[in-house]
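This report introduces a protein model to a reader who has not met it before. It begins at the ligand and then moves outward to the strands and the loops.

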Amino acid sequence: MTSDPQSAAPSARPATTPADLSAVRFPDGFVWGTATASYQIEGAVAEDGRGPSIWDTFAHTPGKITGGDTGDIADDHYHRYPEDISLMADLGVSHYRFSLAWPRIQPEGRGQLNGAGVDFYSRLVDSLLERGIQPWVTLYHWDLPQPLEDAGGWPERDTAERFAEYAAVVQQRLGDRVKDWTTLNEPWCSAFLGYASGIHAPGRTDGPAALRAAHHLMLGHGLATRALREQGARDVGITVNLYPVDPATDSAADRDAARRIDGLMNRVFLDPLLRGAYPEDLLKDLSSVTDTDHVRDGDLAIINTPLDFLGVNYYTRHVVRAGTATGRPSNWVGSEDVEFVKRGIPETAMGWEIDPDGLYETLTRVWREYGPLPLYVTENGAAFDDRVEADGRVRDEARRAYLESHFAAAHRALSEGVDLRGYFVWSLMDNFEWAHGYGKRFGLVHVDFETQRRTMKDSGHWLAEITRANGL
Ligand code: FCB
């Protein structure tokens with residue numbers, strides 16, 4: 001760093017954005033896509049035999065979601081998917097990443113298939129293919145069938161077995177048309193937001209249960225990967241959310257805080273998946289919280305089943321320092337004393353600091369420490385307080401600038417040899433943003449939740465130029 005005092009201030013142009021953006025060209029065949037998730041967009045929660053998920057239960061529990069919002073109607077995508085596919089065609093994306101609602105397919109989470117649920121996804125896949133858009137299917141984006149939670153949820157080993165059974169039946173029904181499979185989306189959120197801090201469904205606050213959930217999610221991923229391949233799937237991966245974790249100062253205590261959070265956020269999944277072992281330092285950190293009796297011989301080999309790709313979701317960076325535990329339920333099991341520090345740089349409406357360099361660092365780190373393996377950015381995007389103006393336009397320049405700087409950061413990783421194959425923008429359209437409800441708008445398309453009217457935002461029009469040019 002220089003001694004220039006200006007250098008500490010957020011610069012107008014992020015460091016990764018080259019002066020000449022026209023030099024940013026992506027390789028032929030680079031995948032451009034948008035992403036969504038079942039509970040966030042589908043609605044129709046009680047239609048055609050769908051059973052309840054943990055998110056239905058949670059959203060209907062008073063006090064859990066801002067404004068009492070639920071996913072009951074959401075974007076009504078279950079009925080409006082043809083219009084939504086037309087919007088994707090307008091964006092010029094080659095791929096669409098979406099998730100299947102497990103309780104639409106297996107309302108009980110086991111056994112008997114719900115034919116109408118399978119038919120919905122079959123129609124969706126066919127309609128995408130008719131428009132030349134490849135379906136990129138995530139099997140699990142957090143909507144666990146409620147009966148499985150009633151039987152103990154992810155802290156129980158049986159849930160991993162049930163997940164593999166579900167994966168196999170889905171591949172039997174859709175595998176003739178779906179080429180790309182992602183087992184789980186962001187197991188960190190399922191385990192730690194769901195079972196430790198309880199800010200996501202099922203809303204439990206039990207640190208040891210969260211650690212068991214993390215292991216069984218990974219086991220479920222490994223078992224499902226094997227099941228999908230046995231049924232003939234060829235491209236199978238997983239999506240993890242990764243954050244660079246920096247110490248706030250160079251003190252030994254802050255550096256140790258950063259090591260611990262990096263362990264609980266990133267390495268807890270990357271190491272078992274890509275090295276077949278839990279990090280030694282993490283096991284030591286957690287030894288006072290739980291034993292490892294739930295980790296059976298052979299589990300790590302299953303979790304370490306080779307991946308065809310790794311999906312990376314990136315939003316921001318964590319900066320941490322050693323502090324004092326608040327006593328409130330925390331995501332950071334065994335490290336409740338760590339404090340998260342804001343740097344005072346520009347943020348999105350989520351309060352997430354805008355840090356495109358963090359994407360570059362994340363991609364190059366995974367490549368350097370865990371590669372070589374093909375990578376995709378399976379989510380990146382930003383929430384801002386967008387509104388449709390009198391002339392019908394949504395002027396979301398902040399989102400366009402956010403995406404541009406992150407595309408440039410990804411390109412920089414690519415140009416340094418990282419095998420980055422594609423980029424999915426979160427999200428196609430405004431939707432149910434989990435505990436925040438409908439107040440946080442991430443879409444390239446604006447949705448009026450009263451009328452279900454869709455309006456392409458300026459950022460969407462801009463993305464259409466990017467996908468056409470395959471560059472900035
Ligand atoms: C990710 C989730 C996705 C969305 C974005 C903003 O953690 O995978 O569903 O909520 O954050």
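In this predicted model, an N or O atom in the side chain of Trp434 is 2.9 Å from an oxygen atom of the ligand. Two further side chains make polar contacts of this kind, and the table sets the three side by side.

| Residue | Distance from a polar side-chain atom to an oxygen atom of the ligand |
|---|---|
| Glu186 | 2.5 Å |
| Glu433 | 2.8 Å |
| Trp434 | 2.9 Å |

The residues around the ligand also include Gln40, His141, Trp142 and Asn185. Tyr315, Glu379, Trp426 and Phe442 belong to the same surroundings.

Trp434 deserves a second look. This residue is placed in the loop between β11 and β12. Its phi is positive, at about 45°, although Trp434 is not a glycine. Is Trp434 buried or exposed? Its relative accessibility is 4%, so Trp434 counts as buried.

The loop between β11 and β12 (445-448) also holds Ser427. The peptide bond that leads from Trp426 to Ser427 is cis, and its omega is near 10°. Trp426 itself is one of the residues around the ligand, and strand β11 covers residues 420-426.

Strand β11 leads to its partner, β10. These two strands pair in the parallel sense over 3 bridges, and Val377 stands opposite Tyr423 in β11. Together with helix α14 (residues 397-415), β10 and β11 make a β-α-β unit, and this unit is right-handed.

Which other strand is joined to β10? Strand β7 (residues 309-313) runs parallel to β10, and 4 bridges join them. Within this pairing, Tyr376 in β10 is the bridge partner of Gly311. Strand β10 spans residues 375-379 and is mostly covered, with 5 of its 5 residues buried. Glu379, listed among the residues around the ligand, falls within the span of β10.

The loop between α13 (356-370) and β10 contains Pro372. A cis peptide bond runs from Gly371 to Pro372, with omega near 0°.

Another part of the model centres on β4. Strand β4 covers residues 180-185 and is mostly covered as well, since 6 of its 6 residues are buried. On one pairing, β4 is joined to strand β3 (residues 134-140) by 4 bridges, and the strands run parallel. Here Val137 stands opposite Trp181 in β4. On another pairing, 4 bridges join β4 to strand β5 (residues 235-241), again in parallel. The bridge partner of Asn185 in β5 is Thr239, and Asn185 is also one of the residues around the ligand.

Asn470 lies in the segment after α15 (458-469). Like Trp434, Asn470 has a positive phi without being a glycine; the value for Asn470 is near 55°. Its relative accessibility is 14%, and therefore Asn470 counts as buried.

A word on confidence completes the description. The protein chain has a mean pLDDT of 95, and 96% of its residues reach 70 or more. Where does pLDDT stay under 50? It does so over residues 1-13, for which the model has 7 contacts beyond four places in sequence.

Terms used: Residues are numbered from 1 along each chain as its sequence is written. This is a predicted model: local features need pLDDT of at least 70, side-chain atom pairs count only at pLDDT 80 or more; totals for chains, interfaces and linings use all residues. Side-chain values use heavy atoms; hydrogens and water are left out. pLDDT is the predictor's confidence in each residue, from 0 to 100. Contact means heavy atoms within 4.5 Å. Buried means under 20% relative accessible area, exposed over 50%, partly exposed in between (1.4 Å probe, protein chains only). Two strands pair if DSSP finds at least two bridges between them. A crossover is right-handed if, with the strands pointing away from the viewer, the path from the first strand over the helix to the second runs clockwise. A residue is near a molecule or strand if one of its heavy atoms lies within 4 Å of it. A polar contact is a pair of N or O atoms within 3.5 Å; within protein, one must be able to donate a hydrogen and the other to accept it, and residues adjacent in sequence count only if both atoms are side-chain atoms.
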